[in-house]
Amino acid sequence: MIITENFTGSVSQNPRALSIGMFDGVHLGHQSIIKKLNAISEKKNLESAILTFWPHPRTVFTPNDDLKLLNTIDEKKYLLEKNGLQHLFLKEFDEEFRNLTGEEFVKQILVDKLQVKHLIIGYDHTFGKNRSGDFSLLKKMGPEYGFEVEQVEAVNYKDFNISSTQIRNALSEGNIIAANEMLGYHYSLSGKVVHGKKIGRTIGYPTANIEVDMLKFLPKKGAYIVDVFVKNRHYKGMLSIGTNPTVNGNSLSVEVYILDFDEDIYNQEISVNFREFLHDEIKFENLEKLVERLDEDKRLTENFNF
C-alpha cells in the first residue's frame, strides 16, 4: 500500500476509485466499502484509494474534547493494507482545508489532486465548509468532472447500524463480544512495557505494564481475557484496566499477567487482543481476597477457548 501525506511531492496521475472518511476502527461497514473499492478498481483498471485525515478533524473543531480513537495511525494503516487497499492519502485537517466549500473540495482535491473516476461514500457522509457537500452535490458535479459516485448503505448489527460510535459504546460497557463482532476482528492495543509499582510480583502475579498511546480508546475498567503477542509468540493473558484500588492506586494503568511466561520484557513492544470481559474493577478488603479473585480469573483464562 502506498501512503501519501498532505499531497506532498508529485501525486501520481493514476485514475482512482476512492472513498473519504476517518475509517476509525476499520469495522465491517468500512470493510464493505473497501471491498467495493477493490472490486471496482479491478473491473475498471483504477487504483483503490482512501482519503482520510490525521489528526481527527474534531481536534480542530473542538480542541478541548478528550478525543479517543479505536485505532492509532499505525493500526489504521495496517488494517487498511490488510483489507487490500492500494493507496492511502493522509491529510492534515488544517484551517485552509476546513474552509474549502463542498464545490472547492470536489474540484481542487478530488478532481485536480486525486484524479477520482469513481467515488464511494457512506450513507451519511458530508464534507466541505459547513457540511456544504453531500451525495446530491457529488451526483450533480460528477458528469461535469468525469467521475461516477455511489452511496453505500450501513452494515447492520442486530437492530442498529455499525459505526465507530456504537463500537466505542460497546467497549465502554465491557461488551467485548459485540465490539469484536462489529469490528470483524478482535479489538487490540499495543505499546511498550514500562516499569510499574511491581506489586503483582509480591503476590505471585507479576504483570507487564503497557504504555498505551494517549489517543487510544480503552475499554471499561475491569479485568479481561486477552491474547498476548510478545516476541512474535502467542500467550494467554489476564489484562486489567484500572487504578489498582485495593492498594490505593490513583493513576490509570493497563497491565497484563501473561500465563506460562517468565521473561524480562521491559522496553519491548507487546500487543493484546481482547477476547472476553471477566469483571468490573473491584476494591478488595485485602491482598488475600485479591489473590483469590486472580486465581479464579486465571482458571477462567486457562479454560477459555482461544
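Contact means that heavy atoms lie within 4.5 Å, and axes are lines fitted to C-alpha atoms, for helices over the stretch in contact, with angles from 0 to 180 degrees between N-to-C directions. Helices (H or I, at least four residues) and strands (E, at least two) are DSSP runs numbered from the N terminus, and two strands pair if DSSP finds at least two bridges between them.

The model is predicted, with local features needing pLDDT of at least 70 and side-chain atom pairs counting only at pLDDT 80 or more, while totals for chains, interfaces and linings use all residues. Residues are numbered from 1 along each chain as its sequence is written, and side-chain values use heavy atoms, with hydrogens and water left out.

**Exercise 1.** Describe the closed barrel and the helix that lies across its strands β11, β12, β13 and β14.

*Solution.* Begin with the strand order, which is β9-β10-β13-β12-β11-β14 in a closed barrel of 6 strands with antiparallel pairing. From one strand to the next, the twist averages 45°. Next, take one pair: β9 (residues 188–194) and β10 (residues 208–212) run antiparallel and are joined by 4 bridges, and Val193 has Ile210 in β10 as its bridge partner. Finally, add helix α9 (residues 287–302), which lies across β11 (222–230), β12 (233–242), β13 (253–258) and β14 (269–280) and runs at about 140° to β12.

**Exercise 2.** Work out which strands stand at the edges of the open sheet, and which helices pack on the sheet.

*Solution.* The open sheet has 6 strands in the order β1-β4-β3-β2-β5-β6, with parallel pairing. Since β1 (2–5) and β6 (148–151) each have a single partner strand, they stand at the edges, so one side of each is left without a neighbour in the sheet. The partner of β1 is β4 (residues 87–91), paired in the parallel sense over 4 bridges, and here Ile3 stands opposite Leu88 in β4. Helix α3 (residues 73–82) packs on the sheet and touches β1, β3 (47–53) and β4, its direction making about 155° with that of β4. Helix α5 also packs on the sheet, touching β2 (16–20), β3 and β5 (116–121), and its direction makes about 140° with that of β2.

**Exercise 3.** Characterise how α5 and α6 cross.

*Solution.* Two packed helices are described by the angle between their axes and the distance between the axes. For α5 (residues 102–113) and α6 (residues 135–145), the axes come within 11 Å and cross at roughly 45°. That makes α5 oblique to α6, where angles under 35 degrees count as roughly parallel, over 145 as roughly antiparallel, 65 to 115 as roughly perpendicular and the rest as oblique. Among the residues making the contact are Val106 and Leu110 of α5 and Leu138 and Met141 of α6.
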